[in-house]
Amino acid sequence: MVRLGQKEIPPRAMLAPMAGVADRAFREICVQWGAVYVVGEMASAKGLTMRGDKTRELLELSPKERPAAVQLFGSEPEVMAAAAREAEAFSPDAIDINMGCPVPKVAGNGCGSALMRDPQLAGRIIRAVVKATTLPVTVKIRAGWDDRSVNGVEIARIAQEEGAAAVTVHCRTRQQMYQFPVDWTIIAQVKEALSIPVIGNGGVQSPQDVKAMYDQTGCDLVMIGQAALGAPWIFRQVNQFLETGRYDPAPSLEERLLVLRRQVQAMADYKGEAIGLREARKHAGWYLKGCRGAAALRRQAGTIATLADLDRLIDHTLELDRPF
């Protein structure tokens, strides 16, 4: 079990924080399908302390997605501390510090994975956040910046020394971004070095991969990201496989499209139909993967603007799937 404050999280699979993807609607769907823990989209500490409405929206959590953490990114200890105090108003179960995001607009500003290059600053940030809040503080890191600076164990030790409750290790370097193949060795090394829980992340694409990561690294919890896109039922499959060694196949096409419809309805409810449907286009494309005529259907998905458009897309997809 991973203990975060009063919460105990079983060794199954949790949902990764994915910016622009793992919003409240998607997190709720994943929990319904068996995700044992979720982390919200990364939010700018500076934006939060400046009372930015868009940033605050990223921290909103619903009762349907518990236990859940919010994630903050930034490069200034005092600003991160102030943001942690602000984040408490959203009643998360934990606050996660992003030290792993590789994208240029984050890392290029000294945040996210760029902090792997400055262990002292990373430590000051963790210390400041831990002191600022009574909530459990977790830290998400990468293996390192590049192949010449694989210092995940060093940063993880610093996190533990500064009071972090758990560390998530994404097994790739920043240089690798999201490339395959992956090497889980760094996760095992961090687990061996720490006494606090270690969450493994990177390259998990199936229930078998989840079990393999547990077996090969000794980690306390496994985090799934891209493999859940358009397939939230992977969490149920993971639970089944870890319990019985077998798992149900993916739902039928009709069932999958009903899940899509529920998710997009929630997106429209939370964000308004215009914004919700625009952001739903990529999700629809993921759900349509493997369908008959998928390429044309994804193009159609890229134009949906209303729930009525989505319903027409779903009807068209089912028509194409019917036998002649």
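In which loop is Pro181 found? In this predicted model, Pro181 belongs to the loop that runs between strand 8 and helix 8, and the peptide bond leading into Pro181 from Phe180 is cis, with omega near 0 degrees. A second cis peptide bond is found from Arg66 to Pro67, where omega is near -5 degrees, and Pro67 is placed in the loop between helix 3 (53–58) and strand 5. As a general background to such features, most peptide bonds are trans, and most residues other than glycine have a negative phi.

The loop between strand 8 and helix 8 also holds Met177, whose phi is near 55 degrees, a positive value in a residue that is not glycine. With a relative accessible area of 28%, Met177 is partly exposed, because that category covers values between 20% and 50%. A positive phi near 55 degrees is likewise computed for Ser91, again a residue other than glycine. Ser91 is located in the loop between helix 4 (77–87) and strand 6 (94–99), and its relative accessibility of 48% places it among partly exposed residues.

Asp93 lies in the loop between helix 4 and strand 6 as well, but its relative accessibility is 14%, so Asp93 counts as buried. The side chain of Asp93 is joined to that of Arg66 by a polar contact of 3.4 Å. When residues up to four places away in sequence are set aside, Asp93 touches Lys7, Arg66, Pro67, Ala68, Leu135 and Pro136; Arg66 and Pro67, which both appear in this list, are the two residues on either side of the cis peptide bond described above.

Strand 4 (residues 38–44) is mostly covered, with six of its seven residues buried. Strand 4 runs parallel to strand 5 (residues 68–73), and the two are joined by five bridges; within strand 5, Phe73 is the bridge partner of Ser44.

Helix 7 spans residues 152–161, and its buried residues are Gly152, Val153, Ile155, Ala156, Ile158 and Ala159. In an α-helix there are 3.6 residues a turn, so residues three or four places apart point the same way. The elements that cover the buried residues of helix 7 include helix 6 (119–132), strand 7 (137–142), strand 8 (166–170) and helix 8 (185–193). Just after helix 7, Gly163 adopts a positive phi of about 105 degrees.

The packing of nonpolar residues was examined next. In soluble globular proteins, nonpolar side chains tend to be buried together. The largest nonpolar core of the model comprises 81 residues, and Tyr37 and Ile224 are those with the most contacts inside it. Apart from its neighbours within four places in sequence, Ile224 is in contact with Ala13, Met14, Leu15, Ala16, Val204, Val210, Ile234, Phe235 and Val238. A second core, separate from the one that holds Ile224, has 27 residues, among them Ala231, Leu253, Leu307 and Leu310.

Aromatic rings were considered in turn, with a pair described by the distance of the centres and the angle of the planes. The count of aromatic pairs comes to three. Trp33 and Trp233 form an edge-to-face pair, with 5.9 Å from centre to centre and 75 degrees between the planes. This pair links distant parts of the chain, since Trp33 is in the loop between helix 1 (24–32) and strand 4, whereas Trp233 is in the loop between strand 10 (221–224) and helix 10 (234–244), 200 residues apart. Trp33 and Trp233 are both buried, and ring pairs link these two residues with Tyr287 into a cluster. An edge-to-face pair is also formed by Phe241 and Tyr247, at 5.9 Å centre to centre and with 80 degrees between the planes. Phe241 counts as buried at 15% relative accessibility, whereas Tyr247, at 33%, counts as partly exposed.

Charged side chains are also placed over aromatic rings. Arg24 lies over the face of Tyr270, at 3.7 Å from the ring centre, and the charged end of Arg142 sits over the ring of Tyr178, 5.1 Å from the centre of that ring.

Methods. Residues numbered from 1 in each chain as written. Predicted model: local features only at pLDDT ≥ 70, side-chain atom pairs only at ≥ 80, totals over all residues. Heavy atoms only, no water. Buried < 20%, exposed > 50% of the residue type's maximum accessible area, 1.4 Å probe, protein only. Helix = DSSP H or I, 4+ residues; strand = E, 2+ residues; numbered from the N terminus. Contact = heavy atoms within 4.5 Å. Pairing = 2+ DSSP bridges. Core = buried A, V, L, I, M, F, W, Y, C linked by side-chain atoms within 4.5 Å. Polar contact = N/O pair within 3.5 Å; in protein donor to acceptor, adjacent residues only side chain to side chain. Phe/Tyr/Trp six-rings, centres within 6.5 Å; stacked < 30°, edge-to-face > 60°. Lys NZ or Arg CZ within 6 Å of the ring centre and 35° of its normal.
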